[in-house]
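Work through the exercises below with the sequence and the structure at hand, and try each task before reading its solution.

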Amino acid sequence: MSVMVEVWGDYACFTRPEMKVERVSYDVMTPSAARGLLEAIYWHPGMAWRIDRIYVLNPIKFSNIRRNELKSKISARNVASVMRGGEAPLYISAAKDIQQRAAMVLKDVRYVIEARFEMTEKAAESDNEGKFCDIIRRRLEKGQCYHQPYFGCREFPACFRKWPGGEIVTAYPGEDRDLGFMLFDMDYSDPEDIKPQFFRAVLRKGVLDLRNCEVYQ
């Protein structure tokens, strides 16, 4: 059973991993960002979200902004030392470590996410697809979520609702766009060696179809 969710917001940033210092967003929402947004609405160990299509309802627009970020992070070596009983600094002062960085973000975004879910081996005997469908429907209708969904970065909150139905009019009904390689998701099959997955993203008539895309590692 497909679940249709409309999401929108003022800004979004789906960061390209090849940009090391300044943040630059992909042109559209990535599949992993869509999955994370749906997991903010409803997550259960007995099910796993699968994104089928992303419909782009608003034209793609970019905006340059400056954001406050920390210029460093806590050292993993220090954390390991403290875990072994040693002493090492684990504190970062935001006031002293802050710096401004430019970012190219998306502006005025609106999408419809078409997704489904699959049962996992962690599902209990009482879990079934009908039960999960009812829970998801009620949460969408009531606007419930575990935490505020966001578009790539937490400072860009996302509004959401159940798609009311009818024809989905995209921003590019008669145009195809090759968006190049895009992050698909992260492969967590080996917790010690988490790998990124990429795919060739093509926006066909305003729709990013993910059902049969070829994924590369």
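**Exercise 1: a nonpolar surface patch**

Ile-74, Val-79, Val-82, Met-83 and Leu-90 together make up a nonpolar patch on the surface, with an accessible area of about 420 Å² in total. The model is a predicted one.

Task: Determine where Met-83 is found and whether Met-83 counts as buried or exposed.

Solution. Step one is to place the residue: Met-83 belongs to helix α2, which covers residues 76-83. Step two is to compare its relative accessibility with the cut-off, since exposed means over 50%. At 70%, Met-83 therefore counts as exposed.

**Exercise 2: helix α4**

Task: Check what span helix α4 should have against the distance between its end C-alpha atoms, and then work out which of its residues are buried.

Solution. Begin with the length: helix α4 runs over residues 129-142, and at 1.5 Å a residue its 14 residues should span 20 Å. The C-alpha atoms at its ends are 20 Å apart, so the expected and the modelled span agree. Next, list the buried positions of α4, which are Phe-132, Cys-133, Ile-135, Ile-136, Arg-139 and Leu-140. Because these residues cover an arc of only 165 degrees around the axis, they lie on the same side of α4. The face turned away from that buried side carries the exposed residues Glu-141 and Lys-142. Finally, follow the contacts of the buried residues, which pack against β1 (3-12), α1 (31-41), β3 (47-56), β5 (98-119) and β6 (159-162).

**Exercise 3: salt bridges**

Task: Find which arginines form salt bridges with Asp-209, and state for each participant whether it is buried or partly exposed.

Solution. Take Arg-53 to start with: its salt bridge with Asp-209 has its closest N and O atoms 3.9 Å apart, which satisfies the limit of within 4 Å. This pair links distant parts of the chain, since Asp-209 lies in strand β9 (residues 207-209) and Arg-53 in strand β3, 156 residues apart. Turn then to Arg-211, whose salt bridge with Asp-209 has its closest N and O atoms 2.6 Å apart. For the accessibilities, buried means under 20%, so Arg-53, with a relative accessible area of 17%, is buried. Asp-209 is partly exposed at 32%, and Arg-211 is partly exposed at 42%.

Task: Identify which residues are linked with Arg-50 in a network of salt bridges, and how many salt bridges are counted.

Solution. The network links Arg-50 with Asp-52, Arg-116 and Glu-118. The count of salt bridges comes to 20.

Note on methods. Residues numbered from 1 in each chain as written. Predicted model: local features only at pLDDT ≥ 70, side-chain atom pairs only at ≥ 80, totals over all residues. Heavy atoms only, no water. Patch = residues over 30% accessible without salt bridge, like charges linked within 9 Å, V, L, I, M, F, W, Y side chains within 5 Å. Areas by Shrake-Rupley, 256 points an atom, 1.4 Å probe, with all protein chains shown as cover. Salt bridge = Lys/Arg side-chain N within 4 Å of Asp/Glu carboxyl O. Helix = DSSP H or I, 4+ residues; strand = E, 2+ residues; numbered from the N terminus. Buried < 20%, exposed > 50% of the residue type's maximum accessible area, 1.4 Å probe, protein only. Expected span 1.5 Å × (residues − 1). Arc of directions from axis to C-beta. Contact = heavy atoms within 4.5 Å.
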